[in-house]
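Open the model in your viewer and keep the sequence panel beside it. The tour goes from selection to selection and says what is found at each stop.

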Amino acid sequence: MNGRRKVVVDTNAFFIPEVFGVDIFSELERLGYTEILVPAEVLSELERLRRKRGLKGREKRALNVALALIQKYAAETEKAEEAERVRERRGEADGGACGATAGSEMRRRIFNVRILRASGERGAEMTEQVAGEVGENRRKSTDEAIEEIALRERAAVLTLDEDLRRRLRKRGILTIHLRGGSWLEEAW
């Protein structure tokens, strides 16, 4: 990924926009991150929460916003990757007017959002089927999956979970957390 900075996003971090009013994507961009990695276990956890009875009001809105954000950015990434594959097949990836189009497209869409399994498999679709499969074959906890992906991908981790942050820092993984309720900050 040539210089792309990666960040794994924990379940709780997707609630930041609705609960705290902080645009995590703008904040991650400000910190220089361009690749957002969503463990399939996080997606599964969000889907399980959505099916939970008794969820209402602000919690329900936060969950719906979280799922919408993942879906939106993952779909944009998939669309951009498909466009790039088409350009490559046509031999247009490196030059001419199409090269300029690709550059302007990347400026408009800063983030590449990927859904990953801890085992290393890549998942592009955001469906309940994928979330269900992860739940059925759950070999790792969400925190273990986050740690594994962060180590494998050499990525930072955005989380509000202090215990997880402490464990990750002991493993040499850069963490990102909400500071002052209004911005994201990196910490070793």
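Begin by selecting Glu147, which is buried, with a relative accessible area of 10%; buried means under 20% relative accessible area, exposed over 50%, and partly exposed in between, with a 1.4 Å probe and protein chains only. The model is predicted, so local features need pLDDT of at least 70 and side-chain atom pairs count only at pLDDT 80 or more, while totals for chains, interfaces and linings use all residues. Residues are numbered from 1 along each chain as its sequence is written, and side-chain values use heavy atoms, with hydrogens and water left out.

**Glu147 and its partner**

Keep Glu147 selected and add Arg167. The two form a salt bridge, with the closest N and O atoms 3.0 Å apart; the term stands for a side-chain nitrogen of Lys or Arg within 4 Å of a carboxyl oxygen of Asp or Glu. Glu147 belongs to helix 7 (residues 142-153) and Arg167 to helix 8, so the pair ties together parts that are 20 residues apart in sequence. Arg167 is partly exposed, at a relative accessible area of 34%.

**The network**

Next, select Lys6, Glu35, Arg114, Glu148, Arg152 and Glu153 together. Salt bridges that share partners join these residues into one network. The count of salt bridges comes to 20.

Zoom in on Lys6, which has its place in strand 1. Is Lys6 buried or exposed? Lys6 is buried, with a relative accessible area of 15%. Its side chain and that of Glu153 are joined by a polar contact of 2.7 Å. Such a contact is a pair of N or O atoms within 3.5 Å; within protein, one must be able to donate a hydrogen and the other to accept it, and residues adjacent in sequence count only if both atoms are side-chain atoms.

**Strand 2 and its neighbours**

Now select residues 35-39, which make up strand 2. Helices (H or I, at least four residues) and strands (E, at least two) are DSSP runs, numbered from the N terminus. Five of the five residues of strand 2 are buried, so the strand is largely enclosed by the rest of the structure. In a regular strand the side chains alternate between the two faces of the sheet. Here Glu35, Leu37 and Pro39 lie on one side and Ile36 and Val38 on the other, and all are buried, so that both faces are covered.

Which strands pair with strand 2? Add strand 1 (residues 6-9), which pairs with strand 2 in the parallel sense over three bridges. Then add strand 3 (residues 112-116): five bridges join it to strand 2, and the two run parallel. Pairing requires that DSSP finds at least two bridges between two strands. Glu35 can be followed in both directions: its bridge partner in strand 1 is Lys6, and its bridge partner in strand 3 is Asn112.

**Helix 3**

Move to helix 3 (residues 40-51), where Glu47 lies. Glu47 counts as buried at 2% relative accessibility. A polar contact of 2.9 Å joins its side chain to that of Arg50.

**Helix 4**

Select residues 57-90, helix 4. In it, Glu84 and Arg87 are three residues apart, and therefore separated by about one helical turn. They form a salt bridge whose closest N and O atoms are 2.9 Å apart. Glu84 is partly exposed, with a relative accessible area of 27%, whereas Arg87 is buried, at 10%.

Then select Glu82 and Arg89, whose side chains meet in a salt bridge (3.7 Å, N to O). Glu82 is partly exposed at 33%, and Arg89 counts as exposed at 60% relative accessibility.

**A patch on the surface**

Switch to a surface view and select Val19, Phe20 and Leu160. These residues form a nonpolar patch with about 230 Å² of accessible area together. Patches are made of residues with over 30% relative accessible area and no salt bridge; like charges are joined within 9 Å and nonpolar side chains (Val, Leu, Ile, Met, Phe, Trp, Tyr) within 5 Å. Accessible areas come from the Shrake-Rupley method with a 1.4 Å probe, and for residues only the protein chains shown count as cover. Leu160 is found in the loop between strand 5 (156-158) and helix 8 (162-170), and counts as partly exposed at 35% relative accessibility.

**The whole protein**

Finally, clear the selection. The protein has eight helices and seven strands. Of its 188 residues, 44% count as buried. The accessible surface comes to about 10,200 Å², of which 47% belongs to carbon and sulfur atoms.
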